[in-house]
Amino acid sequence: MTAANDIARVRGSFAYAIDFALPGMLHAVLVRSPHPHAEILAIDAAAARVDPDVVAVATADDLAGLDPWQGVVVRDQPLLAIGKVRHAGEPVAAVVARHPAAAARAAGRVVVRWRVLPPVPTIAAALAPDAPALFDQGPPQRFPKGSGAEAWREPARNVLWRFRFRTGDPEALFGRAAHVFTDTYRFPRMSHLPIEPLCAVARWDGMGAEVWCNNQDPFLLRTDLARIFSLPEASIRVHALPAGAGFGAKSYPKHEALTLLLSRLARSPVRLALTWDEMMLTLSQHAAEVTLTTAVSADGTLLARRGLLRLDGGAYADASVIVCEKGAYRSLPGPYRWQAVESVGEVVRTSTIPAGSFRGFGGPQACFAGERQIDAIARRLRLDPVEFRKRNLLRPGEEPWPGETPMDSDLEDGLAAVAGRIGWRGSRAPGRGRGVAVGMKDGGGFSRRSLAVVKLARDGSALVLSGIADLGQGPERVAAVIVSEVLGIDPARVRLAPIDTDRTPHDQGTHASVGAAMVGLAIRRAVEAVRARLIALAAEVIDEASGDVVFEAGMIRRGNVSLSVPALFDRAFGAQGSELIGEGEARNPFDAEAPLGARCGFWMPSFAAAEVSVDADTGRVAVERLVVAGDAGHALDPEGCRAQTEGGAVQGLAQALIEALVFDDEGRLANGTPLAYRMPSVLDLPREVATITLEHGLGPGPHGAKGLGEHAILAVAAAIANAVADATGAEYSTLPITPEDVAATSGSADGVQAG
Amino acid sequence: MIDQTERIAFDLDGRPVAATVATNRLLIDLLREEFGLLGVRAGCDGGVCGACTVLIDGVPATACLMLAVEVDGRRITTIRGLECADGHLHPVQRAFLEERAFQCGSCTPGMVLLASALLAENPDPDEETIRAWMSAALCRCGGGGAILRAVRRAAAVMREAR
């Protein structure tokens with residue numbers, strides 16, 4: 001099936017948010033802080049305002065009367081810096097002008113007087129006893145959580161959040177285990193850099209507001225805008241236009257509210273489109289330090305794990321609280337059977353770029369550490385890494401701990417698939433190594449509700465209204481497959497409508513790989529409602545005493561009378577035509593007992609196997625072969641599953657060997673341009689990348705479908721690192737693994753990674 | 001701010017066009033804003049991502065690193081110009097569809113143009129050559145493997161048709 005959007009994409013006629021314009025639209029450019037941590041003494045915008053092309057300049061003074069704080073759970077980020085800045089690149093003012101170039105020129109004339117404060121560039125600096133405080137924090141505040149879990153806001157200086165989950169009796173198990181291993185891993189942060197940056201056009205019309213943007217959370221954004229501007233939600237209309245990818249960069253409200261404020265000040269529609277350089281300053285993945293203590297019995301059975309996932313949250317909360325909780329609770333224990341777990345997640349504030357949603361949502365950090373340690377333990381105990389894992393993986397139907405969603409994938413099958421494909425048991429050539437990893441994350445979000453509407457037209461074509469944002473993951477295709485199956489129509493006659501919060505039914509956002517499973521289920525129920533209406537209509541219209549209404553191959557039959565959809569519509573509604581409308585809903589309900597407020601929607605395992613070659617002289621690592629498998633439950637769009645898996649694998653490979661944001665001693669970004677920040681190209685691809693889409697059929701979606709949009713990034717980095725360890729005999733605890741690291745450790749069986 | 005302008009004329013996707021442009025105007029802005037060519041995708045603004053790739057006299061170039069005045073008298077091909085007049089897609093475009101060699105599609109026009117330029121110059125490129133050419137643009141969705149498959153497929157189809 002070729003979707004209409006695909007043809008538009010290869011023809012270059014597909015329109016994204018960045019292509020959107022309104023007549024009379026003005027352009028905004030932000031003035032950003034050069035300092036990581038500084039007090040703002042004064043802002044003098046006079047030289048900018050005198051420019052005849054400049055229409056408005058906004059500073060913190062213009063936030064008066066608003067509730068200008070953004071963030072998920074903790075709202076601590078102002079639309080423009082108020083009083084002080086907490087990271088280099090933080091917006092302190094915005095200039096609106098008739099042309100982008102005029103706005104940029106005027107922005108350069110805004111003069112800020114600063115009092116520079118000591119920076120807090122790293123986790124260690126933030127936790128030092130004499131560390132400067134980034135916020136005037138209140139007393140620690142305890143937040144209620146479900147069974148076995150607790151959370152605290154601001155439990156210590158520069159600590160935004162601490163979460164702890166406990167099940168079983170770890171102390172007893174650590175006390176009597178044959179082996180206990182403690183290892184610490186360090187994880188750098190990548191930049192999302194979707195090709196299309198964040199972009200918003202906003203129009204304030206006195207009574208309400210309209211926003212066109214590429215944010216994947218149009219309804220959360222509507223709620224946030226209503227709060228910030230004290231407007232009824234119903235007076236705010238958000239259009240989530242197709243996005244040129246995201247990877248997390250476009251989730252949760254970003255600069256849309258600021259753009260709306262600028263429109264109100266300028267009394268015109270305003271566009272604010274960030275550059276790539278600015279995207280790198282806006283949000284990043286979380287850097288992390290992960291310490292794992294794992295108890296193992298004499299026979300190689302995993303007993304207990306204690307973990308600390310310490311995330312560098314950067315200057316502001318954004319989504320850090322929930323990244324921390326999900327990473328610590330759902331990814332840190334990994335895919336294994338434990339008798340006891342104690343997981344702690346912590347978000348540390350530093351004066352660096354805010355960190356937030358990034359594909360995997362805390363999972364990549366936890367899985368890299370977890371799967372590196374499992375491999376290291378296998379080597380220390382002289383166990384085969386694949387067999388060691390197999391012995392301890394959760395089985396289908398097994399609860400990871402009491403009260404949590406039972407495992408809904410066959411993990412052993414997934415591991416066997418990738419290990420078999422890489423030739424795990426085969427001999428290794430000199431300088432070569434193989435590694436496997438099994439990553440684990442939840443999918444489907446916290447408690448969740450997705451709504452969908454399907455409208456069937458007289459001609460038998462169908463329109464789907466759903467809040468699933470198009471980031472390139474192919475939601476229109478999944479919708480078409482689901483609708484065409486239920487109605488027996490050509491998928492090419494199904495279209496997913498653009499998102500407009502005035503018309504699209506509510507959805508809690510395109511997160512956590514929910515598309516196929518949760519939104520898909522809502523769409524399935526909506527189209528089943530349409531089908532029921534069609535059948536009821538046929539029963540009413542076809543005056544045939546005998547027989548039930550049968551729906552087959554797009555025709556509706558009762559007894560000997562068979563009608564097409566148009567003929568049925570004509571008989572029922574006359575020549576003017578009409579529509580049949582169905583609604584559907586999918587929910588993952590609140591559960592006060594569940595540690596995170598709801599059981600996990602589904603589990604999203606990730607299986608990877610890598611073969612690398614290592615040049616002992618230069619330390620250069622080449623990934624020769626990569627095999628990655630995910631469980632789609634049921635593949636609604638097999639090519640889409642393949643693409644998600646391949647794409648995530650490339651990101652995982654980049655995480656392992658290539659990409660990392662680099663900061664100077666004061667926490668300023670040192671490689672903050674597209675030229676300086678190295679990204680993978682086709683030259684970095686292994687000769688062989690094999691993807692396997694498993695269909696274990698145990699997910700909550702149509703035919704047992706699950707999401708797999710985030711899986712591949714979970715396991716690939718660890719599999720590659722494990723392969724390098726296999727080749728060199730050294731353990732690697734820090735990413736990315738550079739040639740310098742490898743050259744320093746290569747050949748020493750007990751080698752410890754430098755730095 | 002427009003201090004100086006210049007009149008330029010060039011061939012755009014097979015048609016002669018003319019424009020009066022500021023001497024500091026970027027080619028990408030001219031093509032997107034004056035000619036409405038969405039297929040010249042905007043990306044990194046620094047010649048790294050390759051989303052704005054166009055062909056100038058058949059040679060790939062990033063429109064974000066060129067001034068509009070530089071194309072005076074030259075032949076520009078954007079993704080729109082690859083299609084036949086009757087709307088039939090170029091074999092490279094078809095191969096990208098068949099291999100589903102895109103997710104968000106932001107890199108697709110540039111990738112398709114790169115591949116078409118390669119195959120026009122070298123109908124039977126080896127793997128190294130394909131990778132070297134296609135590395136001039138980035139697919140952040142990680143679709144490089146499918147893109148390579150699409151280029152190989154297009155090469156085979158085009159050789160067959162010769």
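Q: How many residues does each chain, A and B, bring to the contact?
A: In this predicted model, 43 residues come from chain A and 43 residues from chain B.

Q: Which elements of chain A give two or more residues to the side that touches chain B?
A: Those are α1 (4–11), α3 (100–107) and α16 (638–657) of chain A. The largest share, eight residues, is supplied by α16(A).

Q: How do the residues on that side of chain A divide into nonpolar, polar and charged?
A: There are 24 nonpolar residues, 12 polar ones and seven charged ones.

Q: Why is P385(A) called buried?
A: A residue counts as buried if 20 or more other C-beta atoms lie within 10 Å of its own. P385(A) has 23 other C-beta atoms within 10 Å, so P385(A) is buried.

Q: Where is P385(A) found, and what does P385(A) touch?
A: P385(A) belongs to helix α11 (residues 385–392) of chain A. Leaving aside residues up to four places away in sequence, P385(A) touches D375(A), A378(A), V436(A) and N722(A).

Q: What makes β2 and β6 of chain A a pair?
A: Pairing requires at least two bridges between the strands. Strand β2 (residues 38–44) and β6(A) share two bridges, in the antiparallel sense, so the requirement of at least two is met. Across this pairing, E39(A) stands opposite K84(A) in β6(A).

Q: What makes β6 and β8 of chain A edge strands?
A: The open sheet has three strands in the order β6-β2-β8 (chain A), with antiparallel pairing. Both β6 (84–85) and β8 (111–116) pair on one side only, and are the edge strands.

Terms used
Residues are numbered from 1 along each chain as its sequence is written. Chains are lettered from A and ligands numbered from 1 in the order in which they are written. This is a predicted model: local features need pLDDT of at least 70, side-chain atom pairs count only at pLDDT 80 or more; totals for chains, interfaces and linings use all residues. Two residues are in contact if their C-beta atoms, placed from the backbone, lie within 7 Å. Helices (H or I, at least four residues) and strands (E, at least two) are DSSP runs, numbered from the N terminus. Ala, Val, Leu, Ile, Met, Phe, Trp, Tyr, Cys and Pro count as nonpolar, Asp, Glu, Lys and Arg as charged, and the others, Gly among them, as polar. A residue is buried if 20 or more other C-beta atoms lie within 10 Å of its own, exposed if 12 or fewer, and partly exposed in between; C-beta atoms are placed from the backbone.
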